[in-house]
Amino acid sequence: MKTYSIATIPGDGIGKEVVPAGQQVLEALASTSSFRFEFENFGWGGDWFRAHGEMMPADGLQALKGKDAILFGSAGDPHIPDHITLWGLRLKICQGFDQYANVRPTRILPGIDAPLKRCRPEDLNWVIVRENSEGEYSGVGGRVHQGHPIEAATDVTMMTRAGVERILRYAFRLAQGRPRKQLTVVTKSNAQRHAMVMWDQIAGEVAREYPDVRWDKELVDAMTARMVNKPATLDTIVATNLHADILSDLAAALAGSLGLAPTGNIDPERRYPSMFEPIHGSAFDIMGQGLANPVGTFWSIVMLLEHLGEAEAAQRVMQAIEQVTANPALHTRDLGGTAKTADVTNAVCGLLKAQAQRKAA
Ligand code: NAD
Ligand code: MN
């Protein structure tokens with residue numbers, strides 16, 4: 001029987017709640033499928049940092065390299081500075097495995113009361129493609145004269161032609177595969193007159209390779225207003241590491257909750273394993289209470305299955321998710337409900353098993 005090896009990295013905060021929930025869903029799926037999963041769990045994150053002085057072992061990537069995919073929770077501990085936790089774990093994996101395409105689908109799931117009053121569920125169906133390997137989060141920069149009045153610090157935005165071309169190609173290809181074949185390229189090329197101007201220029205060049213894709217440009221500030229006021233004019237969106245990070249939290253909120261939103265950190269060339277995770281963080285305010293919405297993780301699992309080529313299984317999980325969101329009794333607190341992480345997880349697992357029984361009958 002086909003077996004996929006999956007690394008699970010819960011990390012910190014509610015990551016420790018939603019990743020085990022995700023593993024439960026994968027196990028329920030496998031028990032009714034023609035494939036299996038072999039899990040290896042890595043206890044990296046804040047606790048690992050307290051014990052070993054680092055968020056993950058220096059040779060940690062070696063242990064992940066042979067996996068078919070990674071399911072990740074969150075990096076972020078209330079007692080460790082955020083830049084240390086994020087760079088020491090999540091970004092180390094994203095950059096180490098050159099997962100340069102960060103893909104973030106957003107739509108309003110059945111039963112979700114999204115906040116925009118002039119937006120029907122069919123008006124908001126987006127995929128945001130985020131450059132995930134360089135740009136504003138390249139890590140290039142430094143601090144000098146620390147603690148002195150003349151102290152200075154820089155974070156250099158690093159845009160390479162190769163990096164910009166490959167993410168734009170990925171976005172055009174993705175747009176091409178969606179029914180509307182439409183792409184919006186977001187920059188800030190009025191104020192940032194070097195790297196952003198190069199983005200726009202390369203977008204024009206790459207666009208010629210995809211004549212069937214309709215595309216337009218939007219400045220990132222105007223983009224926030226367009227997302228709110230004219231959501232139906234958008235389909236696939238591509239933006240830099242920083243811009244897309246911000247826009248996708250907005251997108252998640254417009255679709256009902258940060259707790260629902262999924263993402264994949266993809267190496268399109270499949271040289272390394274790709275990593276799937278909910279877009280939310282550690283949620284210090286609710287961690288350890290069983291209140292976390294696990295749907296963002298389950299939807300990330302749908303993306304993981306699609307990446308593995310298990311399209312039918314992916315559809316089964318998505319269908320179970322939509323049946324669960326359609327039922328207000330299974331809404332967690334972020335959606336205004338009282339259901340716990342475990343209630344939602346058990347419901348999804350139950351539906352997966354029921355689907356299989358129906359099919360067999
Ligand atoms: P956050 O996503 O952790 O929380 C923002 C708000 O959304 C909180 O009120 C939280 O309770 C709520 N929320 C988030 N996910 C939820 C869920 N599944 N169910 C219900 N409510 C949910 O963002 P933050 O507060 O800015 O960051 C907290 C920590 O997480 C920081 O250390 C940050 O660096 C880290 N972080 C990590 C990642 C990552 O590893 N991918 C992403 C974002 C933030
Ligand atoms: Mn973010």
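How do the residues lining the largest pocket divide into nonpolar, polar and charged?

**Entry 1: ground rules**

I am working from a predicted model, where local features need pLDDT of at least 70, side-chain atom pairs count only at pLDDT 80 or more, and totals for chains, interfaces and linings use all residues. Residues are numbered from 1 along each chain as its sequence is written, chains are lettered from A and ligands numbered from 1 in the order in which they are written, and side-chain values use heavy atoms, with hydrogens and water left out.

**Entry 2: the pocket**

Back to my opening question: I get 12 nonpolar, 13 polar and 10 charged residues in the lining of the largest pocket. For the classes, Ala, Val, Leu, Ile, Met, Phe, Trp, Tyr, Cys and Pro count as nonpolar, Asp, Glu, Lys and Arg as charged, and the others, Gly among them, as polar.

I looked up the volume of this pocket and found about 760 Å³. Its lining has 35 residues, with Leu86, Arg90, Leu91, Tyr137 and Asp245 closest to the centre. The search runs on a 1 Å grid over the protein atoms alone: a pocket is an open set of points with protein on both sides within 12 Å along at least five of seven lines, a cavity is a set where a 1.4 Å probe fits but cannot get out, and lining residues have an atom within 4 Å of a point. Points are joined across faces, edges and corners, and a volume is the space filled by probe spheres set on them.

Strand 6 (135-144) gives the most to this lining, 8 residues. Others that supply at least two include strand 7 (152-158) and strand 12 (274-278). I am using DSSP runs here, numbered from the N terminus: helices are H or I with at least four residues, strands E with at least two.

**Entry 3: ligand 1**

Next I checked what sits around ligand 1. There are 22 residues, and Asp82, Gly281, Ala283, Asp285 and Asn293 come nearest; to be near, a residue needs a heavy atom within 4 Å.

Then I went through the polar contacts (N or O pairs within 3.5 Å). Asp82 puts a polar side-chain atom 2.6 Å from a ligand 1 oxygen, and Asp285 has one 2.8 Å from an oxygen of ligand 1. Asn293 uses a polar backbone atom, 2.9 Å from a ligand 1 nitrogen. Alone, ligand 1 exposes 810 Å², and the protein buries 72% of that (Shrake-Rupley areas, 1.4 Å probe).

Strand 3 (69-74) and helix 4 (82-96) are the elements giving two or more residues to the shell, and helix 4 has the largest share, 3 residues. I note that strand 3 and helix 4 also each supply at least two residues of the largest pocket's lining. By class, the shell holds 10 nonpolar, 7 polar and 5 charged residues.

**Entry 4: cavities**

How many cavities of 30 Å³ or more does a search of the whole structure find? I count 2.

The largest is about 90 Å³. It has 14 lining residues, and Pro105, Thr106, Ala252, Ala261 and Pro262 lie nearest its centre. Strand 4 (101-107) and helix 8 (241-254) each supply at least two. Its lining splits into 9 nonpolar, 3 polar and 2 charged.

The second largest is about 30 Å³. Among its lining residues are Val295, Leu330, His331 and Asn293, and Asn293 is also one of those nearest ligand 1. I find no charged residues in this lining, just 5 nonpolar and 4 polar.

**Entry 5: overall**

I have 11 helices and 12 strands in the protein.

Conventions
Polar contact = N/O pair within 3.5 Å; in protein donor to acceptor, adjacent residues only side chain to side chain.
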